[in-house]
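Biologist: Could you take a close look at one part of this model for me? I'd like to hear about the place where the chains meet, and what surrounds it.

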Amino acid sequence: MNTSAEPMTASPLVSVGSGESRTSKAKDKVKMSAEDVKVFYGNAQAINGIHLDIYENEVLAFIGPSGCGKSTFLRCLNRMNDTIDICRVEGKITLDKNDIYAPDRDVVLLRAQVGIVFQKPNPFPKSIYENIAYGPRLHGLARRKAELDDIVESSLRRAGLWDEVKDRLDQPGTGLSGGQQQRLCIARTVAVSPDVILMDEPCSALDPIATAKVEQLIDELSESYTIVMVTHNMQQAARVADRTAFFHLGDLVEVDSTDQIFTNPKDQRTHDYITGRFG
Amino acid sequence: MSNLALIATLLLIMAMAYHLGLTRSRAVAAEQDVRMHSRPGYYGALVALWCGLPAFGLFLLWSFLAPQLIEMLVTQQLPTELVASMSDRELTTMLRRISAVAEGRNVAGGATPEELLAANHMARLQTFELYSLVAVMAVMAVGGLVYARRHISPQWRARNHVERVITWALAASSAVAVFTTVGIVLSMLGEALKFFSFISPAEFFLGTTWNPRFSTSGADAQGEFGLLPLLWGTMMVSIIALLVAIPVGLMTAIYMAEYAPPWLRNVAKPIIEVLAGIPTIVYGFFALIVIGPFLSNLGDMIGINIRTTSALTAGLVMGIMIIPFVSSLSDDIITQVPKSLRDGALGLGATKSETIRQVVLPAALPGIVGAFLLAASRAIGETMIVVLAAGNNPVLHGNPFEAVSTITVTIVNQLTGDMDFASPQSLVAFALGLTLFVITLGLNVIALIVVRKYRQQYE
């Protein structure tokens with residue numbers, strides 16, 4: 001709710017390892033869980049059997065070289081991969097202990113529970129207001145106009161965008177700057193009150209200042225949401241994530257507290273990657 | 001034939017000039033032991049252009065002016081009292097006969113002594129004209145070649161010059177299209193103005209009766225030239241056509257772009273596009289022989305009187321004809337909507353059809369409206385189907401089951417058979433054509449404005 005910067009994330013250029021304080025949050029309730037998840041594109045296997053628990057209200061970062069399957073795995077978590085014809089998912093993924101790939105599972109409702117923010121900001125070619133109101137309307141979250149107005153305002157406030165756009169809610173969302181667009185997309189996702197927010201490299205199309213804002217936002221959102229993000233930027237993972245998972249060639253090599261991954265990795269490949277030996 | 005030989009020779013000389021320029025530039029480079037500004041090919045090309053272009057320009061100008069000059073000279077040489085006794089049209093006919101005789105062909109009724117004399121004179125003039133043309137062209141070609149070849153030096157920026165010639169050539173080509181359009185519009189405008197000297201514009205644009213009579217019944221037996229019945233007929237048929245084509249075409253496009261599996265898309269899309277390739281005359285007799293009687297029988301069954309040839313028959317078939325316009329244009333536009341937008345909606349928990357209705361179609365709307373307007377102007381200008389199937393009944397009425405007539409049909413009617421371009425009966429075709437042109441132009445302009453105003457930047 002509060003748009004003022006918390007002291008911890010005020011500086012965007014926190015050095016590796018300062019994620020320490022974040023790990024102190026008590027997080028033990030499993031929100032989502034993956035068991036032996038395998039993904040195939042046609043005959044090519046992209047992910048080879050991943051086991052991973054995601055805890056409630058944590059920020060979990062996926063890092064790894066390009067093509068290691070981290071985005072693919074992320075998109076399995078709300079079944080966005082269903083939109084790709086040749087993609088096939090095996091194994092079991094649960095949300096609050098319910099299988100999300102169960103045949104009777106309503107994928108549309110799942111995506112309302114597990115929202116996603118994409119790499120490139122993709123506001124709809126509608127007004128700022130309509131961009132936010134789209135999800136709540138879809139799911140009938142507001143009975144009256146006033147309720148919808150409230151949802152729009154609180155979502156924009158959460159995304160730290162309210163003060164910048166409150167006077168031009170009727171203008172097209174595509175007219176905002178890149179960083180504002182991305183925060184608009186986050187607000188749009190927040191507006192349907194999901195439990196989990198997936199972020200697929202949310203800052204890779206943004207400049208450093210916009211990136212800092214989005215990172216601060218992620219930190220604030222983690223109070224109320226479980227956040228899973230893919231990032232190419234290891235500093236970013238170090239800055240915002242409670243835990244970090246390292247993917248390599250379709251395997252989940254190592255997952256641990258961010259501090260542990262960046263200071264004392266157990267696997268040689270993780271060590272090589274974070275020290276810049278490859279990737 | 002001699003012109004063709006002339007141009008062929010010129011091309012041959014240009015090829016030689018190219019070679020000369022090429023070798024010369026190499027020689028200069030070797031002599032002065034420097035790097036030339038451009039590669040040898042550019043010097044060759046520039047020498048060839050210097051050799052060919054002025055000569056060709058002269059050739060065009062000459063071919064345009066010389067025949068007129070010769071005709072003038074021949075006319076002057078004819079006995080003055082003979083010329084004075086003839087009307088303009090008779091003089092033109094006579095000049096045509098003379099030039100035929102000059103080319104050694106026979107003319108109807110044999111040539112008169114005056115014509116023979118004049119033909120002799122003309123033939124001599126033509127021979128002289130040809131020789132002088134060849135001579136002047138040769139001088140210009142060789143002069144240009146020599147001048148350009150001498151000019152070759154390391155500092156001469158042949159590459160940039162060639163670039164400029166290319167720019168001009170491209171601009172000239174586009175000018176051809178532009179001037180043709182302007183020319184057509186102007187000539188239509190001129191003839192239409194002539195028509196409006198017979199019939200006042202108010203009478204034409206606001207008249208509710210169309211009864212032009214025949215031009216042979218004399219100028220005083222002028223008919224009534226009211227545009228409104230024709231305009232209304234055109235609108236009625238086009239609206240029926242769009243009512244058929246827009247829903248079917250748009251839904252086809254959505255299915256093909258969003259739902260159809262690739263194999264079906266690959267098979268079905270070309271088949272739909274074949275619809276656009278069927279000649280309209282085939283649609284016309286299809287309407288006349290199949291659809292018309294079918295509708296008529298259907299009407300009998302449910303107790304409505306539907307004519308075999310009616311606005312409904314023509315509109316229905318025309319609608320089928322323009323389905324592929326709507327569907328394939330809309331399909332392209334829907335496919336262009338970026339996947340990220342779809343993902344955004346799906347990621348918020350929208351179903352596929354919600355995504356399409358609420359995000360994809362609004363994003364694609366400007367383009368789709370453009371497609372509709374293009375289809376509309378196609379429907380308004382369509383001729384063959386309505387000639388056969390609309391029934392040619394230029395009466396103002398609102399019943400789609402009755403026969404109507406359209407602007408295009410009327411143009412066909414007014415321009416078939418005996419024509420006299422001094423009578424309003426024929427000239428009205430130009431006024432109608434101009435009206436049609438303005439309508440379609442208006443639609444296209446609106447389409448452009450719509451597309452521009454609502455165009456979304458996806459990047």
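Modeller: Sure, here is a walk through the interface, followed by a few features elsewhere in the chains.

Keep in mind that this is a predicted model. Where chain A meets chain B, 24 residues of chain A are in contact with 21 residues of chain B. Putting the two together buries about 1800 Å², and carbon and sulfur atoms account for 61% of that area. On the chain A side, three residues stand out: A:P125, A:Y134 and A:L138 supply 28% of the area that chain A buries against chain B, more than any other three residues.

Now the polar side of things. There is one salt bridge between chain A and chain B. It pairs A:R75 with B:D343, and the closest N and O atoms are 3.9 Å apart. That counts as a salt bridge because the cut-off is within 4 Å. As for polar contacts, four residue pairs make them between chain A and chain B, with both residues at pLDDT 80 or more.

Which bits of chain A do the touching? The elements that each give two or more residues to that side are α2 (107-113), β6 (114-117), α3 (128-138) and α6 (178-190) of chain A. Sorted by type, the chain A residues that touch chain B come out as 12 nonpolar, seven polar and five charged.

Stepping back to chain B as a whole, the chain is divided into domain 1 (2-156) and domain 2 (224-454). Taken over C-alpha atoms, the centres of domain 1 and domain 2 of chain B are 50 Å apart.

Two side-chain pairs within single helices are worth a look as well. Over all chains, the structure holds 15 aromatic pairs. In one of them, the rings of B:F56 and B:F59 have centres 6.3 Å apart and planes at 25°, so this pair is stacked. B:F56 and B:F59 are about one helical turn apart, because they sit three residues from each other in helix α2 (residues 40-77) of chain B.

The salt bridges number 24 over all chains. One of them joins the side chains of A:R157 and A:E153, at 2.8 Å from N to O. A:R157 and A:E153 are four residues apart in helix α4 (residues 145-158) of chain A, so about one helical turn separates them.

Technical notes
Residues numbered from 1 in each chain as written. Chains lettered and ligands numbered in written order. Predicted model: local features only at pLDDT ≥ 70, side-chain atom pairs only at ≥ 80, totals over all residues. Heavy atoms only, no water. Contact = heavy atoms within 4.5 Å. Buried area = accessible area lost by both parts, 1.4 Å probe. Polar contact = N/O pair within 3.5 Å; in protein donor to acceptor, adjacent residues only side chain to side chain. Nonpolar A, V, L, I, M, F, W, Y, C, P; charged D, E, K, R; others polar. Domains from an automatic or database assignment. Phe/Tyr/Trp six-rings, centres within 6.5 Å; stacked < 30°, edge-to-face > 60°.
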